[in-house]
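Here are a few exercises to work through with the model open beside you. Try each task before you read its solution.

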Amino acid sequence: MVSDAQVENDRVVKQNDVPLNEKADYVLYWSQMNRRAHFNHALDYAIELANQLDLPVLFYEGLTCTYRQANDRLHTFVIEAVPGTGKALKERGIGYAFYLRRKRSDANDIVYRLSERAAAVVTDDYPTFIAAEHNARVPARINRAFFTVDSSCIVPMNRFQKHEYAAYTIRPKITKLLPEFLHPAPELKPKRAWRGKPPDFHVKVTPGNIAELVASCEVDHSVPPSTAFRGGSDSASARLRLFLTQHLKDYADARNEPSTNATSNLSPYLHFGQISSLEIALQTREYARAHRLNADAFLEELIVRRELAFNYARFATDLEGFGDLPEWARKTMREHARDERDPVYSPQQLEQAQTYDALWNATQKELLLRGKMHGYYRMYWGKKIIEWTRTYADALQLMIHLHDRYALDGRDPNTYTNILWCFGLHDRPWFQRPIFGVLRYLSIGGMERKTDTKAYIEQINAIAARGTDPLSLATVER
Ligand SMILES: Cc1cc2nc3c(=O)[nH]c(=O)nc-3n(C[C@H](O)[C@H](O)[C@H](O)COP(=O)(O)OP(=O)(O)OC[C@H]3O[C@@H](n4cnc5c(N)ncnc54)[C@H](O)[C@@H]3O)c2cc1C
């Protein structure tokens, strides 16, 4: 560990016993999830180590064709961010390498190769997706000091020792710890700027060659890019600005009216780390102070709910199953496992939005088109899948599959935690009813009473018909 560290110790864990390699050319930051040049504690930690050893820093990010459901949508979103990341790192004096593993037969050992000349490897502490697997496997195999750093949460995940039961148990703890952590990341300056050339495997990305690069990859080409979201930290910042200036003032009420599009739409950018929740929270607080607004409802979602999800994922023993659900939820599902479901839709019918329910179909179409669903209807989407599939396990599996395949914010701690919320996680028992037992139920009547379902359905159908999306920045900023 670095003495007099500027990155809080709570964020950093050394994952093996290998000492720093003193005869090295750089410190390697392997950006797996937090793919950004600013407000990144892991990158800052790599700079701290490098400054101590008088070395430059190399920022490496890769994109493989082998992750579950790899497709054009996810690939495009990640690759779109590359030119901006490279430029921002250059301005900070940090080296940058991007590797696109187009085919399964392409090299799969880049981190090991780069580590040979590294003093240490620093990477993101992240509890789901490929990063969680890598961080469990690589430290024992790589002959370099290997550090994981939490730059995903404002209050580091390490400050919690076990599963929190619900929002009401984690909220007071987070509130107490926030003054310690809600301040800007150090944004350290490297003492030694990177002067080397990019490694030979580096793939140059320009706005003009992204489609061609994606087409050259061995991935599923049948899922097109999002109608609304372009990848990159610049897009994320523009979305944040738009949210603060136009929607923050109404967020507390309008977030539950999907047709107004009043939420931040930052979840895809948060998932791929193209913006940090810390930066969003600080800017929101500042904007709210300057304009005398109350940002509590938004910060509750961004900090308390989101970090509750990271806490769940970190300590989960059965992330994609029911094993960690509270006993009341598992018991009620056992008791209602044989209840009749009518209708039962096949996974294909659900995937293609072919049910009798126009609102549900619109939510599924939103996922197919935009790669994200509005948060309020997302709850309805999940609950209906439980009602229309033969078993709870089938419903869970299908929800995860649809997120893997279509959602730009899928594979996230928020994905698993919120899908499992549909099955009782972080919730409480409600009233007995068929299929759901005491799991909370959401009805179409409730949706129609509380929201303008007609306006939302029309909006989604119009995107499908015209191909233009009112949520795309190009449309909003016109
Ligand atoms: C069945 C189901 C599946 C979901 N799957 C995902 C998913 O794959 N990825 C994902 O990021 N969120 C998921 N959510 C949570 C929530 O719906 C989204 O975070 C939210 O809709 C993202 O839109 P936004 O960025 O405009 O949110 P905003 O309302 O602007 O909120 C800002 C940020 O706060 C966080 N947040 C908001 N709501 C929640 C919540 N309920 N729990 C935890 N964090 C929250 C997100 O990071 C979000 O980007 C799911 C919810 C349900 C019910």
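**Exercise 1: a loop residue**

N16 has 12% relative accessibility, so N16 counts as buried (buried means under 20% relative accessible area, exposed over 50%, partly exposed in between, with a 1.4 Å probe and protein chains only). Bear in mind that this is a predicted model, where local features need pLDDT of at least 70, side-chain atom pairs count only at pLDDT 80 or more, and totals for chains, interfaces and linings use all residues. Residues are numbered from 1 along each chain as its sequence is written, and side-chain values use heavy atoms, with hydrogens and water left out.

Task: Find where N16 lies and which residues N16 touches.

Solution:
- Start with the location: N16 sits in the loop between β1 and β2 (26–30). Strands here are DSSP runs of E with at least two residues, helices are runs of H or I with at least four, and both are numbered from the N terminus.
- Next, list the contacts, not counting residues up to four places away in sequence: N16 touches P139, I142, R144, A145 and F146. Contact means heavy atoms within 4.5 Å.

**Exercise 2: the sheet**

Task: Work out in what order the six strands of the open sheet run, and which stand at the edges.

Solution:
- Trace the order: β1-β6-β5-β2-β3-β4, with mixed pairing. Two strands pair if DSSP finds at least two bridges between them.
- Now the edges: β1 (12–14) and β4 (95–101) each have a single partner strand, so one side of each is left without a neighbour in the sheet.
- Zoom in on one pair: β5 (residues 118–124) and β6 (residues 145–149) run parallel and are joined by five bridges. D124 has V149 in β6 as its bridge partner.
- Then add a helix: α2 (residues 72–80) packs on the sheet, touching β3 (57–64) and β4, and its direction makes about 160 degrees with that of β3. Angles run from 0 to 180 degrees between N-to-C directions, and axes are lines fitted to C-alpha atoms, for helices over the stretch in contact.

**Exercise 3: two packed helices**

Task: Say how α15 and α20 cross, and which residues make the contact.

Solution:
- Get the geometry: the axes of α15 (residues 358–370) and α20 (residues 453–466) come within 9 Å and cross at roughly 40 degrees.
- Classify the angle: that makes α15 oblique to α20 (under 35 degrees is roughly parallel, over 145 roughly antiparallel, 65 to 115 roughly perpendicular, the rest oblique).
- Pick out the residues: the contact includes L359, A362 and L369 of α15, and Y456, I457 and I460 of α20.
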